[in-house]
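Open the model in your viewer and keep the selection tool at hand. The stops below go from one selection to the next.

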Amino acid sequence: MGSMSQTLTLDAGTYHLTFKAARQSNDVVQPLKFSVGQTQVGSLIAPTSTAFVTYTTSAFTVTAGKHTLRFDATDGAGDKSTFIDQIELVKTTAPATAR
């Protein structure tokens, strides 16, 4: 099974990813797990179309520092692939400041 990851230095705050995904044309689906560090974010992502469709992950909150964002395939049986393109990290909120 495949995976891909990227370690980024992030500011503290809440983020989400948007990306395009599609399945291959053999009528099977390869669900993907998105995680930050060792923590899965949201539900599995299972593209049902061979055309690229935009997906948005659930929001996740991080402290300032290095964090690894990762996609993992979840089904090792048979010939299954999910294609991912145009990944964008979006910061949705900054952390609250103490007064």
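Start with two strands in this predicted model. Select β1 and β7, the latter being residues 65-73: eight bridges join them, and the two run antiparallel. To check the register, pick Thr9, whose bridge partner in β7 is Lys66.

Now widen the selection to the whole sheet. It is an open sheet of four strands, in the order β1-β7-β3-β4, with antiparallel pairing. Colour the edge strands next: β1 covers 3-10 and β4 covers 39-40, and each of them pairs on one side only.

Next, the nonpolar interior. Select Phe34, Val36, Ile45, Phe60, Val62, Leu69 and Phe71 and show their side chains; these residues have the most contacts inside the largest nonpolar core, which has 14 residues. Which elements give two or more residues to this core? They are β2, β3, β6 (60-62) and β7. The largest share comes from β2, with four residues.

Stay in the core and centre on Val36. Leaving aside neighbours within four places in sequence, Val36 is in contact with Val41, Phe60, Val62, His67, Thr68 and Leu69. Phe60, Val62 and Leu69 also belong to the group with the most contacts inside the core.

Move to a loop. Select Gln24, found between β2 (13-23) and β3 (32-36). Is Gln24 buried or exposed? Its relative accessibility is 14%, so Gln24 counts as buried, the cut-off being under 20%. Show Asn26 as well: a polar contact of 3.2 Å joins its side chain to that of Gln24. Then add Thr50, Asp79, Lys80, Ser81 and Phe83, which are in contact with Gln24 when its neighbours within four places in sequence are left aside.

The last stop is empty space. Rolling a probe the size of a water molecule over the atoms shows where such space is left. The largest pocket holds about 180 Å³. To find the pocket, select Gly2, Ser3, Leu32, Ala73 and Thr82, the closest to its centre of the 15 residues that line it. Elements giving two or more residues to the lining are β1, β7 and β8 (82-93). Which element gives the largest share of the lining? That is β7, with three residues.

To finish, keep β7 selected. This strand is joined to β1 by eight bridges, gives two or more residues to the largest nonpolar core, and supplies the largest share of the lining of the largest pocket.

Notes
Residues numbered from 1 in each chain as written. Predicted model: local features only at pLDDT ≥ 70, side-chain atom pairs only at ≥ 80, totals over all residues. Heavy atoms only, no water. Pairing = 2+ DSSP bridges. Buried < 20%, exposed > 50% of the residue type's maximum accessible area, 1.4 Å probe, protein only. Polar contact = N/O pair within 3.5 Å; in protein donor to acceptor, adjacent residues only side chain to side chain. Contact = heavy atoms within 4.5 Å. Core = buried A, V, L, I, M, F, W, Y, C linked by side-chain atoms within 4.5 Å. 1 Å grid on protein atoms, 1.4 Å probe; cavity = no way out; pocket = protein on both sides within 12 Å on 5 of 7 lines; lining within 4 Å. Points joined across faces, edges and corners; volume = space filled by probe spheres on them.
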